[in-house]
Amino acid sequence: MEMQHAMAQPFDLGSGTLIPDADIMETGKVDLSVYTSQERFEAEREIFGKVWLNVAETAEIPNAGDWVVREVKVRSASIILVRGKDMQIRAFHNICSHRGMKLVWDSKGRGGKFSCPYHAWMFDSAGDLVNIPDEGCFSHVSKADSGLTPVRCDTWEGMIFINLDSTGTQSLRDFLGPLADRLSNVPFGSYPYTARVGSMIDANWKLAIEAQCEAYHVRALHARTVSKMLSSRDNPFVHPLHVEFLGAHRMNSVPRNPEYEMSPEKLVQAFSFMNAQQMVIADTGAQEKPEETFAGHPDVNPTGSNLWGNDQFILYPHFIFHVSLGGWWLHRFWPIAADKCYWEAVYHFERPQSLRNQFAVQYSLALNRDTLMEDNLALVQQQEVMESGAKKIVQFGEQEVMCKHLAAVSEAAANDVEAAQIAAE
Ligand code: FES
Ligand SMILES: [Fe+2]
C-alpha cells in the first residue's frame, strides 16, 4: 500500500510558534538519549507544568457534587476535579489551606464537600473554605483567602483537560489548534459502558506512546494475538490508511483485515464478538442509527475505506484516543522518571444488552490486556538495553510517521524549554 505524505505544520504550546524538528521529519532519526537522559526528562517535567493535559471525562462526574482525583506525579500534583452546583467543572490542587495536608485521599466520590482528614477544615465544590473547627483560634486567618488553590480547567468533546501553569494564557482551544475543528459533536456519549486498566512500566513514557502509534510491530510482536485481525492481503504491513498532522497533534486511520474471520475452533471468541477488530460486542441496532455512532459521523473514517478499523488521535504530550465502529478507547502515559511511566487505558463500549454482550466485553478486555502485555513487556527490554549507550539513534520508517511527528514535536518543545531556561540564567 502506498504511503501518503502529510505536511508538518507550525504549532503553539503557549510560548509562541514552534516548528516540528525539521531534521527528524526529514531523516526519521532521533537521538536515543531522549529516552534515557535526565536532562531531557527535566525538560519534559517543565512541559507537563505548562501545557494542557487530558485527565478525565465529563461523564465520570455527571452530577453536581461528583468529584474525582487525578495524580500528576511528574509535577508532584494531586488534582480534585469537581462538578459545582452550577454544573461547571472546576479543578483544585488537592492540598489543605491549613497546614498542607493532602485533602482528599479517595479517588472519587460525591457530595461536593471536602473535609480535611487532619483537623477537619471543610471546603465546598467551589473551592471555598466553609468551616474551621474551633474557629476562634483562627481570628487572624481570612477564610475568604483560604480557599483551595484553583487549577485551570476546560473541556472539549466531553474530555477534561487541566493546565498546571497558573500564569499561562493559552486557551485549551488554541492548544488543540486544528484538532479542535477536526472533530466536533462526536458521539462519545453513545458508549457509556467503561472499563479501565493501568500499570507501571519500567520504560520511558515516550517508548510506551510509540508502541501505540505504529502498527509496523503488529506482525512480529503481536503474532500470537491480534496480527491476523489487522494484517490483510491488501495491506500486509498494516500501513496507516490516512495521516493528518494537526499542529502539535496528529491522527491516522488504522486498518483492519476485512477478511479476518472468527475461527470456528475458537469457540469462546466466536461466541463473544460480532466483530472483534472494531469492538462490536452487540447487535444492538445502533448501527442502523448512524447519527448516534462513530461510523456514521462525517469526521470519522475520512477516506471511507472498507479496510477501516479505527481512527487514532494522538495528542501532545501524552494522550491517545481511538474511535471505532462499536466503541472507543483512550490511553494516557504519565512520566514518572526517565525510565518509568504509568500507563492507563479506558475502554468505552455500548451498554451490553445481554449476558453474552457482557461476556464479550470481558473477552475484549482480556484480548486487549494480552496485546498490551506484549507491548509492555517488550518496552522494559527496550529501555534496559537503551541505557547501555551502544546505540546513539533510533530510526523511524515511513509507516512509523506518527512516531516521527511526535518525536519532532517533542524535540521542538524540549529545545524551546531549554532555550527559555538558558535565557533566564
Ligand atoms: S491540615 Fe487540613 S485541617 Fe489541618
Ligand atoms: Fe502493540
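Trainee: Strands are DSSP runs of E with at least two residues, and they are numbered from the N terminus. With that in mind, which element gives the most to the lining of the largest pocket?

Mentor: Please bear in mind that this is a predicted model. The strand β5 gives the most to that lining, with five residues. β5 covers residues 67–72.

Trainee: Which elements each supply at least two residues of that lining?

Mentor: They are β5, β8 (108–109), β14 (193–201), β19 (327–337) and β20 (340–349).

Trainee: How much space lies in the largest pocket?

Mentor: The largest pocket holds about 670 Å³ of space. Its lining comprises 29 residues, and Val 68, Val 69, Arg 70, Ser 107 and Arg 196 are the closest to its centre.

Trainee: How do the lining residues divide into nonpolar, polar and charged?

Mentor: There are 14 nonpolar residues, four polar ones and eleven charged ones in the lining of the largest pocket.

Trainee: Where does the largest pocket lie with respect to domain 1 and domain 2?

Mentor: The largest pocket lies between the two domains, because both give residues to its lining. Domain 1 consists of residues 13–49 and 185–424, while domain 2 spans 52–164.

Trainee: I also noticed Asp 106. Where is its place in the chain, and is it buried or exposed?

Mentor: Asp 106 sits in the loop between β7 (89–93) and β8. Its relative accessibility is 54%, so it counts as exposed, the cut-off being over 50%.

Trainee: How far apart are Asp 106 and Val 69 in space?

Mentor: Their C-alpha atoms are 7.4 Å apart, although 37 residues separate the two in sequence. Val 69 is also one of the residues closest to the centre of the largest pocket.

Trainee: Let us turn to the metal. Which protein donors does the iron ion (ligand 2) have?

Mentor: The iron ion (ligand 2) has donors from His 217 (NE2), from His 222 (NE2) and, twice, from Asp 375 (OD). These donors lie 2.1 to 2.5 Å from the iron ion.

Trainee: Why is the arrangement around the iron ion called irregular?

Mentor: The four donor atoms subtend angles of 57 to 146 degrees, which makes the arrangement irregular. Four donors count as tetrahedral if all angles lie between 85 and 135 degrees. As general background, the ideal angle for four tetrahedral donors is 109.5 degrees.

Trainee: How are the donor residues spaced in sequence?

Mentor: The spacing is H-x4-H-x152-D. His 217 belongs to the loop between α5 (205–213) and α6 (218–221), whereas Asp 375 belongs to helix α9 (residues 355–386), so this pair ties together parts that are 158 residues apart in sequence.

Trainee: Are those two residues, His 217 and Asp 375, buried or exposed?

Mentor: His 217 has a relative accessibility of 15% and therefore counts as buried. Asp 375, at 2%, counts as buried too.

Trainee: What about the second largest pocket, and which residues lie nearest its centre?

Mentor: Glu 210, Glu 214, His 217, Gln 382 and Glu 400 lie nearest its centre, among 18 lining residues. Two or more residues of the lining come from each of α5, α9 and β21 (393–395). Helix α9 gives the most, with five residues. The space in this pocket is about 370 Å³. Its lining has eleven nonpolar, three polar and four charged residues. His 217 thus appears in this lining and also among the donors of the iron ion.

Trainee: How many cavities of 30 Å³ or more are there?

Mentor: The count comes to two cavities. The second largest cavity holds about 70 Å³ of space, and its lining includes Glu 210, together with residues such as Val 30, Tyr 35 and Leu 406. α5 and α10 (401–424) each supply at least two residues of that lining.

Trainee: One last topic is the backbone. Which residues does a cis peptide bond join?

Mentor: The cis bond joins Tyr 316 and Pro 317, with omega about 0 degrees. Pro 317 lies in the loop between β17 (308–315) and β18 (319–324). In general, most peptide bonds are trans, and most residues other than glycine have a negative phi.

Trainee: What is the phi of Ser 76, and what is the phi of Asp 134?

Mentor: Ser 76 has a positive phi of about 50 degrees. It is found in the loop between β5 and β6 (77–83) and is exposed, with a relative accessible area of 71%. Asp 134 has a positive phi near 55 degrees. Asp 134 is in the loop between β11 (129–131) and β12 (150–156), and it is exposed at 57% relative accessible area.

Conventions: Residues are numbered from 1 along each chain as its sequence is written. Chains are lettered from A and ligands numbered from 1 in the order in which they are written. This is a predicted model: local features need pLDDT of at least 70, side-chain atom pairs count only at pLDDT 80 or more; totals for chains, interfaces and linings use all residues. Side-chain values use heavy atoms; hydrogens and water are left out. Donors are N, O and S atoms within 2.8 Å of the metal (3.2 Å for Na, K and Ca); water is not among the atoms, so sites may look incomplete. Four donors count as tetrahedral if all angles lie between 85 and 135 degrees; four count as square planar and six as octahedral if opposite donors are over 155 degrees apart and all others between 65 and 115; anything else is irregular. Helices (H or I, at least four residues) and strands (E, at least two) are DSSP runs, numbered from the N terminus. Buried means under 20% relative accessible area, exposed over 50%, partly exposed in between (1.4 Å probe, protein chains only). On a 1 Å grid over the protein atoms alone, a cavity is a set of points where a 1.4 Å probe fits but cannot get out, and a pocket is an open set with protein on both sides within 12 Å along at least five of seven lines; lining residues have an atom within 4 Å of a point. Grid points are joined across faces, edges and corners, and a volume is the space filled by probe spheres set on the points. Ala, Val, Leu, Ile, Met, Phe, Trp, Tyr, Cys and Pro count as nonpolar, Asp, Glu, Lys and Arg as charged, and the others, Gly among them, as polar. Domain bounds come from an automatic or database domain assignment.
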